[in-house]
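Work through the exercises below with the sequence and the structure side by side. Try each task before reading its solution.

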Amino acid sequence: MQKSFLDDNLNIRFDALNMLDSYKRDFIMYVSDMQTMRMDEKSTHCSFKLTLRYKFNATKSKYKGTGAGESQKSRM
């Protein structure tokens, strides 16, 4: 989940992994005719992460430009 405050200068993000204890991975790897490797993995923990970001001195660019191609547009 993510939420922004103060004109997008403050950003709060919350991440949760494996909340329902459902992470499971299993595979079989055939290395050669004589060797086979099988792996079963099940995670038994969940993790949470809270991230706070604040943009200091976040200003928008005030450069407006002069329109370098305006003379060519008006010529056509």
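**Surface and model**

The accessible surface of the chain comes to about 7,700 Å², and carbon and sulfur atoms hold 55% of it (Shrake-Rupley method, 1.4 Å probe; for residues, only the protein chains shown count as cover). The model is predicted: local features need pLDDT of at least 70, side-chain atom pairs count only at pLDDT 80 or more, and totals for chains, interfaces and linings use all residues. Residues are numbered from 1 along each chain as its sequence is written, and side-chain values use heavy atoms, with hydrogens and water left out.

**Exercise 1. List the elements of the chain from the N terminus on.**

Step 1. Count them: one helix and five strands. These are DSSP runs (helices H or I, at least four residues; strands E, at least two), numbered from the N terminus.

Step 2. Put them in order: β-β-β-β-β-α.

**Exercise 2. Find the strand order of the open sheet of three strands.**

Step 1. The order is β1-β2-β5, with antiparallel pairing. Two strands pair if DSSP finds at least two bridges between them.

Step 2. Look at the edges. β1 and β5 each have a single partner strand, so one side of each has no neighbour in the sheet.

Step 3. Add the twist: on average 10° from one strand to the next (axes are lines fitted to C-alpha atoms; angles run from 0 to 180 degrees between N-to-C directions).

Step 4. Check one pair. β1 and β2 are joined by four bridges. In one of the pairings, Ser4 has Asn11 in β2 as its bridge partner.

**Exercise 3. Describe the surroundings of Gln2.**

Step 1. Locate Gln2: strand β1, residues 2-5.

Step 2. Leave out residues up to four places away in sequence. Gln2 then touches Asn11, Ile12 and Arg13 (contact: heavy atoms within 4.5 Å).

Step 3. Take Ile12. Gln2 and Ile12 are 10 residues apart in sequence, and their C-alpha atoms are 5.7 Å apart.

Step 4. Classify Gln2. Its relative accessibility is 51%, so Gln2 counts as exposed (buried is under 20% relative accessible area, exposed over 50%, partly exposed in between; 1.4 Å probe, protein chains only).

**Exercise 4. Is Met19 buried or exposed?**

Step 1. Place Met19: the loop between β2 (10-17) and β3 (24-30).

Step 2. Read the value. Met19 is exposed because its relative accessibility is 54%.

Step 3. Set this against the chain: buried residues make up 5% of its 76 residues.
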